[in-house]
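Student: I should like a close look at one part of a structure, set in the context of its chain. Please take the strands as the subject and work outward to the neighbouring chain.

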Amino acid sequence: MNTERMTNRTESDFEEFRSKTDQGIPFSDDKRVIIADDERLLRETFAINPKEGCSLLFCRYYDSLCSHAIRFVHSKEIAEDIVSELFASFWQERSFDQVTSSYRAYLYKAVRHRAYNYLRWKVHLTEPLDSISLTTASKIINPDDELLYSELHIKVEWIIQQLPPQCRRAYLLKRVEGMKYEEIAKEMHISIKAVEALVSRALLRLRTDLKDNWFLGFLLVPMF
Amino acid sequence: MKELITREFLFDFFDGKTTSIQRKLIEDWLKNAANEEMFYSCVHEWERLHPQFSPDRQAAQKNFELLLEGQGESAAKHPGLVEKKITRSFYSRGGLWFAAAVSLLMLTTFIYREQIIFEIYTSPLGQTSSFLLADSTQVVLNSNSTLKVPRFGFGNEARQVQLHGEAEFKVTHLQNNLRFRVLMGEGYQIEVLGTEFTAFSRASGKRVFLSKGKVKLELPKGKRLYMKPGSYFSANAQGDFKVTIPKETLAITAWKEQTFYFDNTQLSEVARQIQERFDVTVKIPDKNLAKTCIGGIYKARDADELFEILSALLEIEITQKSDCIELRTTKSYEL
């Protein structure tokens, strides 16, 4: 690149700039600070009092993390448990010391990992899909991962939408609402056995559709 | 291209309304690491605009505060209850009957198959035994413990062992990076490349202590943990677990020297450890006696040696009944 002609600066002046953009950091550093700036107060709190920081983090992100989790796990109770456990280990392992991105990005990534693991277990996938350690997740970014997680919950929703209405209704009442079989039978005016059959059918459909269309590119290299 | 990827664009993607062409645009946009922040910022905002349900944050926050103060258990209680209910109803109709019939038939053949397929290492009561596995992994087994190792194919395609009891592992790191797995039953599984750790798997719960390296611990219901050196995982029989970093590790490693480590330990707990290590049932009918605490480090190669120590420490009478040992106070209990 012939920079001498463009300006009166020498090439060495541009060296620093070039290496920064190669790293993916945008030219104007202020832009990056603005995006994560809404967490500045959180970061400052963590520096002084991590307990308080965790508490604030919980208050701020618990609800929407739960909402995000339930898109994968389809159960209110499981979603709440996953998020609570996430915050618990966040505190116990002092993950806040190792987070390089925003807390928001870390937490959402972590919730997606856990929700995905649960869904995988629920759908009895036998392929050994390992996921990378959460602390390294923020350093190694495979662009496909974020999209695949999003597409997973979109896919799950699509599968449920394809179910026949009665089937879908029974499934949602059982899994998401956590109602008992007797209660659902009463509400839908059908027998308990019929409810069981509907729910099983929905789960089976989830199982087969996810297995068939499973993201083969979802093999993340384990980092030990 | 940067101008194309707006907040609304991402929202459409999250809603599943974008085309595969648009998806490719986002994928390319995400190759720039700095855009990850914006991505998750939009995920968060999207969730806030389209909440799926309203969780009980007050209750959850209260539990969390307790945990921060060091008074709560990690919130792993619910999944155990919920999932047990779900799986039970799943198998209640027909499935269980069928499984029972088939398993009865297979049980007889299965018992013999085990001896052929697995090499079973055991440690006699009151002794620890060392073994060297085919891949040079060193194992020290505590008394009353068994380790099942496949006779064929171990070390070539898979390194997987089953543990019941307690053992210390020094796993060799193989050239081909083949994982070493320890199955502890009930959905608990340890996975390592090459590390040193202690594992405990009995009816009372599961425990793992990591000395060196990294461990991936798989828990029931698809959960997993990654452990760092010095961390100690313990789970009770109900599935509640916690991970701590103990300053005093003597309690965890004492068994290797045929030693017991008691630190304000109740006698009922001592009785349980005797049962686990020596397979001797101990009953303490007197509730006050059962709650008496003792402390110290004691070497005992069998139950009798430990009972001798106990009778020296406390005023107790040790009686041998038909199927168990009973401990009673000799005098009236004095404070």
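What percentage of the 335 residues of chain B count as buried? With that settled, please describe the hairpin of β12(B) and β13(B) in detail.

Tutor: This is a predicted model, and every value below is computed from it. Of the 335 residues of chain B, 27% count as buried. The chain contains ten helices and 18 strands. Among its contacts with a separation of 6 or more, 45% are accounted for by residues 24 or more positions apart.

The hairpin is built from β12(B), residues 232-236, and β13(B), which run antiparallel and are joined by four bridges. One of the pairs that can be named is B:S234 with its bridge partner in β13(B), B:K242. Between the two strands lie four residues, and in this hairpin B:G239 takes a positive phi near 100°.

The second strand, β13(B), spans residues 241-244 and has two faces that can be told apart. B:F241 and B:V243 form the covered face, whereas B:K242 and B:T244 form the uncovered one. In a regular strand the side chains alternate between the two faces of the sheet. B:K242, the bridge partner of B:S234, thus belongs to the uncovered face.

A parallel pairing is found elsewhere in chain B. Three strands there form an open sheet in the order β15-β18-β17, with mixed pairing. Its edge strands are β15 (282-283) and β17 (316-320) of chain B, each of which pairs on one side only. β15(B) pairs with β18(B), residues 325-329, in the parallel sense over two bridges. Within this pairing, B:K283 has B:E326 of β18(B) as its bridge partner.

The neighbouring chain is of another composition: chain A has twelve helices and zero strands. Buried residues make up 35% of its 224 residues. In chain A, residues 24 or more positions apart account for 67% of the contacts with a separation of 6 or more.

The contact of the two chains takes 48 residues from chain B and 51 residues from chain A. On the side of chain B, the elements that give two or more residues are α1 (7-14), α2 (20-30), α3 (35-49), α4 (57-68), α5 (77-92) and β11 (224-227). Of these, α3(B) gives the most, with ten residues. The residues on this side of chain B divide into 24 nonpolar, eleven polar and 13 charged.

Notes: Residues numbered from 1 in each chain as written. Chains lettered and ligands numbered in written order. Predicted model: local features only at pLDDT ≥ 70, side-chain atom pairs only at ≥ 80, totals over all residues. Buried ≥ 20, exposed ≤ 12 C-beta atoms within 10 Å, placed from the backbone. Contact = placed C-beta atoms within 7 Å. Nonpolar A, V, L, I, M, F, W, Y, C, P; charged D, E, K, R; others polar. Pairing = 2+ DSSP bridges.
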